[in-house]
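Open the model in your viewer and keep the sequence panel visible. The stops below are meant to be taken in order.

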Amino acid sequence: MRIVLLGPPGAGKGTQAETLSKKYKVSHVSTGDMLREAVASNSPIGIEAKGYMDKGELVPDDVVTKIVASRLSGDGLREGFILDGFPRTENQAKSLDEELNKQGIRIEMALYFRTSEEVSIFRLTGRRVCRVCGANFHIKNIPPKSENVCDYCGGKLIQREDDKKGTILKRLEVYKRQTRPLIDHYKAKGVLKEVNGDLEIKEALKGLFVIFNEAHLA
Ligand code: AP5
């Protein structure tokens with residue numbers, strides 16, 4: 001399975017990628033997670049990326065390309081992958097195509113999570129993440145058993161800096177301008193499929209399984 005997940009912030013890409021990568025035993029490559037790890041470790045890339053991320057802007061292509069290079073070269077991708085949050089610009093899509101061409105492999109499917117802005121905003125303003133293990137919660141949809149405490153490790157739940165309302169609106173605007181055009185990039189390649197991202201988690205997952213079965217990807 002070699003797939004790309006497309007859709008606005010809060011569409012549920014990361015949530016579904018987590019489940020799919022376990023079920024199909026393929027790598028979940030999330031540039032958001034990789035960048036947040038770089039920020040947490042105070043590495044030079046993390047220091048550079050933080051300013052952009054906190055403002056809801058995209059990290060420049062050259063910085064992102066550096067951070068994903070090791071995951072996108074060599075044999076890493078041959079076994080299968082779910083790309084979550086990458087590519088996000090036309091340039092990133094071109095670099096990915098070039099790297100895959102070199103390896104003689106191709107994207108089998110780009111899954112577009114069509115999601116309304118209202119739903120994205122509701123999910124992101126309510127998202128809480130564990131600062132220790134990274135588990136995801138939502139104050140209404142997926143509440144922790146004890147307020148602000150992770151069910152899995154007891155760590156403190158926090159709100160992501162870029163999940164404040166103003167920054168969410170900026171991320172949505174950036175998505176429309178820079179990432180949404182990739183829908184046409186993958187449509188032109190004949191690999192685009194659409195899923196209703198507004199559905200709740202289990203219903204959206206059922207829709208994904210139907211699409212995979214129809215495409216003989218499962
Ligand atoms: P990134 O971490 O990729 O953020 P994003 O795309 O904005 O993605 P999100 O995690 O917000 O949304 P998601 O669709 O994954 O939703 P999720 O499943 O988490 O990127 C962060 C920043 O890093 C960017 O702004 C940029 O600065 C930088 N960056 C990353 N990649 C880059 C790149 N390639 N180039 C340049 N810069 C880059 O779900 C959200 C919430 O909703 C959760 O609480 C979840 O529990 C809940 N939820 C999920 N699905 C459902 C559902 N179906 N029903 C109800 N609740 C749900």
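The tour goes from strands to cores, then to helices and loops.

**Before selecting anything**

The model is predicted, so local features are taken at pLDDT of at least 70 and side-chain atom pairs only at pLDDT 80 or more, while totals for chains, interfaces and linings use all residues. Numbering starts from 1 along each chain as its sequence is written, and side-chain values use heavy atoms, with hydrogens and water left out.

Helices (H or I, at least four residues) and strands (E, at least two) are DSSP runs numbered from the N terminus.

**Stop 1: strand S4 and its partners**

Select S4 (109-114). Five of its six residues are buried; buried means under 20% relative accessible area, exposed over 50%, and partly exposed in between (1.4 Å probe, protein chains only). Two strands count as paired if DSSP finds at least two bridges between them.

Add S1 (2-6), which pairs with S4 in the parallel sense over four bridges. Leu6 has Tyr112 of S4 as its bridge partner. Now add S8 (residues 192-196), also parallel to S4, over five bridges. Here Tyr112 is bridged to Glu194 in S8.

**Stop 2: the largest nonpolar core**

A nonpolar core is a set of buried Ala, Val, Leu, Ile, Met, Phe, Trp, Tyr and Cys residues joined through side-chain atoms within 4.5 Å. Which residues of the largest core touch the most other members? Select Val4, Leu6, Leu83, Leu96, Ile107 and Tyr186, out of 30 residues. Elements giving two or more residues to this core include S1, H2 (31-40), S3 (81-84), H5 (90-103) and H8. The most comes from H4, with five residues.

Centre the view on Leu96. Not counting residues up to four places away in sequence, Leu96 touches Val4, Leu72, Leu83, Phe86, Pro87, Ile107 and Tyr186; contact means heavy atoms within 4.5 Å. A second, separate core has 18 residues, among them Val26, Val195, Leu208 and Leu217.

Two of the contacts of Leu96, Phe86 and Pro87, are worth a separate selection. A cis peptide bond joins Phe86 and Pro87, with omega at about 0 degrees. Pro87 is in the loop between S3 and H5.

**Stop 3: helix H3**

Select H3 (44-55). Its buried residues are Gly46, Ala49 and Met53. Looking down the axis of H3, they fall within an arc of 70 degrees and so line one face of the helix; the arc is that of the directions from the helix axis to the C-beta atoms. Pro44 and Ile47, on the other side of H3, are exposed. The cover over the buried residues of H3 includes H2 and H7.

Zoom in on Met53, which has a relative accessible area of 14%. Apart from neighbours within four places in sequence, Met53 is in contact with Gly32, Leu35, Arg36, Val39, Val59, Asp162 and Thr167. Gly56 follows H3 and has a positive phi, near 85 degrees.

**Stop 4: helix H7**

Draw a distance between the C-alpha atoms of Met53 and Val174: they are 121 residues apart along the chain and separated by 12 Å. Val174 is one of the buried residues of H7, which also include Thr167, Ile168, Arg171, Leu172, Tyr175 and Thr179. These buried residues cover an arc of only 165 degrees around the axis, which puts them on the same side of H7. Their cover includes H3, S4, H6, S5 and H8 (182-188).

**Stop 5: the three-stranded sheet**

Select S5, S6 and S7. They form an open sheet in the order S6-S5-S7, with antiparallel pairing. S6 (136-138) and S7 (157-158) are at the edges with a single partner strand each, so one side of each lacks a neighbour in the sheet. S5 (residues 127-130) and S7 pair over two bridges, and Cys130 has Leu157 in S7 as its bridge partner.

**Stop 6: two loop residues**

Most residues other than glycine have a negative phi. Lys25, in the loop between H1 (13-24) and S2 (27-30), has a positive phi near 50 degrees and is exposed at 71% relative accessible area. Asn42, in the loop between H2 and H3, has a positive phi of about 60 degrees. Is Asn42 buried or exposed? Asn42 is exposed, with a relative accessible area of 58%.
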